[in-house]
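Open the model in your viewer and keep the selection panel at hand. We will walk from one stop to the next, choosing something to select and then looking at what surrounds it.

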Amino acid sequence: MIVNKSDIASDNQKSLQDHQNKFDFLSNSLAKSEIIVDDLVNKLADFQVAIPSWALGAGGTRFGRFSYGGEPGTLEQKMDDVGVIHSLTQTAGAISLHIPWDIPKDYEAIKQKAAQHHLLFDAVNSNTFQDQKNAKESYKHGSLSNISTASREQAIQHNIDVIKIGEKLGSKSLTVWLSDGANFPGQGNFQSALQHTEDSLKKIYNSMPKDWSLFIEYKPYEPNFYSTVIQDWGTSFMLANACGDRAYTLVDLGHHLPNTNIEQIVATLMLKGKLGGFHFNDSKYGDDDLTVGSIKPYALFLIFNELVQGMQHNPQNPYPAWMIDASHNIKDPLEDLIQSLEAIQEAYAKAMLINQNQLREAQAAHDVALCQEIIQSAYRTDVRPLLEKARLARGGALSPIQTYRNLKVRETLIKERGLHSVASGL
């Protein structure tokens, strides 16, 4: 399915005047604070977040999965769905593939499909947390960290194969997440597992093209619950340093123990030039993979405060890669992704409203109350008219969710694909 710009424009007409009234009010208010509104709108319009190919169907838990109908059963259909999201939001200009779920059968056709939807290929993701069909070795007891040389070599070769697939599509980065670890004390040796992982990652790193980046993800637990080999940002940072200049830490918002100060981690990594990118989601208890901003919107805003500062003052850190990584079990997956994109844009916009000069002066004067006022004044601002203006400037929808429903996108997808289609890779 393709959403036509004319249909979006027609739907926008219903609320165009209301949008303009709200935008004018906000614009005049921000101008009094010497904020250049056009600059904010342009930055929001340029900000793009990659959609993961595995998030386009109904997700699930260990206990069950509830299909939503019209799910994409092929890579081509997944790209069509990202195209729909991008048409409406003008914020989802990239797709991130997970291998082996998304190996193209016809690379030229896939690249043409991407061009049709104005999509780029973001980081490619390897999968060594599952045993694949006909694989000679098992990852039951680990992949890159496995005590078995044969298992490690198989996992290394898989990552190299993923890089080659990404090269054909124009991707420039590889994301590695390991489930390697142990469920019971004494099951493995901590030091040897870490050393095997470092040696394996170095081989993968040295197999990458010179213009590629390696993103090393971390997670404190699950599916192993006693220990995880790459359990925190410090271990990822250490491994990235061991690999080389083009290896970075990737931060997944759900991959932290409760109450972890993620914004401090972000600031530290950017200072050291090692923040590679983000997997956006939200959580209440653990790695819940909920809609971005649905549980902790203020925490997301504080993270973006550090990101905005880092992008301005840490030239040693590359521009981060942005991607959503969430699972959708009871919502329409496309609506969920649209809501996540909106939350990310809101947090980014609000962070850009913080008067950093005033904040530095208040910090220097140890005026704690004023520091809080400056931060929270930006957070309490309703920035949605700015997001609407940014979408409108690129031909997107003023209200993506409402337009999605008005155009009956899900109903059309069900007609095209059937009620019982199942997304691959879930």
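Contact here means heavy atoms within 4.5 Å. Keep in mind that this is a predicted model.

**Stop 1: helix 8**

Select residues 233-243, which form helix 8, and colour its buried residues: Thr235, Ser236, Phe237, Leu239, Ala240 and Cys243. What covers them? Show helix 7 (190-206), strand 7 (213-217), strand 9 (247-252) and helix 9 (262-271), which are among the elements covering these buried residues. Just after helix 8 comes Gly244, with a positive phi near 150°.

**Stop 2: strands 9, 10 and 11**

Now select strand 10, residues 275-280. Six of its six residues are buried, so strand 10 is largely enclosed by the rest of the structure. Strand 9 pairs with strand 10 in the parallel sense over four bridges, and you can find Thr249 opposite Leu275. Follow the chain from strand 9 through helix 9 to strand 10, and you trace a right-handed β-α-β crossover.

Next, add strand 11 (residues 321-324). Strand 10 and strand 11 run parallel and are joined by four bridges. Two pairs are good to label here: Gly277 stands opposite Ala321, and Phe278 stands opposite Trp322. Add helix 10 (residues 297-313) as well, and you have a right-handed β-α-β unit made of strand 10, helix 10 and strand 11.

Which residues of strand 11 lie on each of its faces? Ala321 and Met323 are on one side, Trp322 and Ile324 on the other, and all are buried, with both faces covered. As a rule, side chains in a regular strand alternate between the two faces of the sheet.

**Stop 3: the nonpolar cores**

In soluble globular proteins, nonpolar side chains tend to be buried together. The largest nonpolar core in this model has 108 residues, and the ones with the most contacts inside it are Leu174, Leu214, Phe278, Phe280, Phe304, Leu307 and Leu386. Helix 11 (residues 333-353) gives the most to this core, with twelve residues.

Centre the view on Leu214. Beyond its neighbours within four places in sequence, Leu214 is in contact with Leu174, Val176, Leu201, Tyr205, Met208, Cys243, Arg246, Ala247 and Tyr248. There is also a second, separate core of five residues, including Ala123, Phe215, Tyr248 and Ala321.

**Stop 4: helix 5**

Select residues 107-116, helix 5, where Tyr107, Ile110, Lys113 and Ala114 are buried. These cover an arc of only 120° around the axis, so they sit on the same side of helix 5. Turn to the face pointing away from that buried side to find the exposed residues Gln112 and Ala115. The cover over the buried residues includes helix 4 (75-89), strand 3 (120-121) and helix 6 (149-169).

Check both ends too. At the start of helix 5, a side-chain oxygen of Asp106 comes within 3.2 Å of the backbone nitrogen of Glu108. Following helix 5 is His118, with a positive phi near 60°.

**Stop 5: two loop residues**

Select Ser179, in the loop between strand 5 (173-176) and strand 6 (181-182). Is Ser179 buried or exposed? Its relative accessibility is 9%, so Ser179 counts as buried. Leaving out residues up to four places away in sequence, Ser179 touches Phe129, Pro223 and Asn224.

Finish with Thr381, in the loop between helix 13 (368-379) and helix 14 (384-393). Thr381 counts as buried because its relative accessibility is 19%, and the cut-off is under 20%. Apart from neighbours within four places in sequence, Thr381 is in contact with Leu26, Lys350 and Leu353.

How values were computed:
Residues are numbered from 1 along each chain as its sequence is written. This is a predicted model: local features need pLDDT of at least 70, side-chain atom pairs count only at pLDDT 80 or more; totals for chains, interfaces and linings use all residues. Side-chain values use heavy atoms; hydrogens and water are left out. A nonpolar core is a set of buried Ala, Val, Leu, Ile, Met, Phe, Trp, Tyr and Cys residues joined through side-chain atoms within 4.5 Å. Buried means under 20% relative accessible area, exposed over 50%, partly exposed in between (1.4 Å probe, protein chains only). The arc is that of the directions from the helix axis to the C-beta atoms. A polar contact is a pair of N or O atoms within 3.5 Å; within protein, one must be able to donate a hydrogen and the other to accept it, and residues adjacent in sequence count only if both atoms are side-chain atoms. Two strands pair if DSSP finds at least two bridges between them. A crossover is right-handed if, with the strands pointing away from the viewer, the path from the first strand over the helix to the second runs clockwise.
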